[in-house]
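Student: Got a minute to go through this one with me? I'd like to start with what counts as a contact.
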Amino acid sequence: MAKAKEIKTNAMRILDRMKIPYEAMTYECGEFVDGVQIADKLGLPHEKVYKTLVTVGASKNYFVFVIPIEAELDLKKAAREVKEKSLAMLHVKEINAVTGYVRGGCTAIGMKKQYVTRIDKSAESLPRMVVSGGHLGTQLELSPADLCRATGAEFADVTGA
């Protein structure tokens, strides 16, 4: 009997190449579900699971923010952080063209281009965090410092109070 081949996402291949340790988790998923549902499906504490949001600035440049699943991105704080006049959320229809990922499978690791990325400062004190693995039904657990290294990100205060 042939051994089932493990499916590697682009994000996993990048982490492997950078020798960054991670744990991949999979779950059944046919379509987009939000981060809270994913955390519940995997039995993970909500404060450990983060979502990836993509914005577009007044300059027409793209910016990526990784924030807790229960938090809201504060667009004013985020704009100040990336030195933009203003930011708007990227329209769902544009996610794949801009990032190479689909909604719900979007991760800051291995997007089509390396965009300026900020990880909410709440992650900095966590030993491990969970983010999308770059495919619907895949999550990755790794250290916040390693996520920073893999994405060229910085920690910043970008969520609402």
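Tutor: Sure: contact means heavy atoms within 4.5 Å. This is a predicted model, where local features need pLDDT of at least 70, side-chain atom pairs count only at pLDDT 80 or more, and totals for chains, interfaces and linings use all residues. Numbering runs from 1 along each chain as its sequence is written, and side-chain values use heavy atoms, with hydrogens and water left out.

Student: OK, so what is Ala 88 in contact with, leaving aside neighbours within four places in sequence?
Tutor: Thr 55 and Val 56. Ala 88 itself is in strand β4, residues 87-89 (strands are DSSP runs of E, at least two residues, and helices are runs of H or I, at least four, numbered from the N terminus).

Student: Is Ala 88 buried or exposed?
Tutor: In between: Ala 88 is partly exposed at 37% relative accessibility. Buried is under 20% relative accessible area, exposed is over 50%, and partly exposed lies in between, using a 1.4 Å probe and protein chains only.

Student: Switching topic, which residues of α1 are buried?
Tutor: In α1, residues 10-17, they are Ala 11, Met 12, Ile 14 and Leu 15. They sit on the same side of α1, because they cover an arc of only 160° around the axis, taking directions from the helix axis to the C-beta atoms.

Student: And what covers them?
Tutor: The cover includes β1 (23-26), β7 and α5 (144-151).

Student: Where does Thr 138 lie?
Tutor: In strand β7, residues 138-142. Thr 138 is buried, at 7% relative accessible area, and among the residues Thr 138 touches are Met 12 and Tyr 27.
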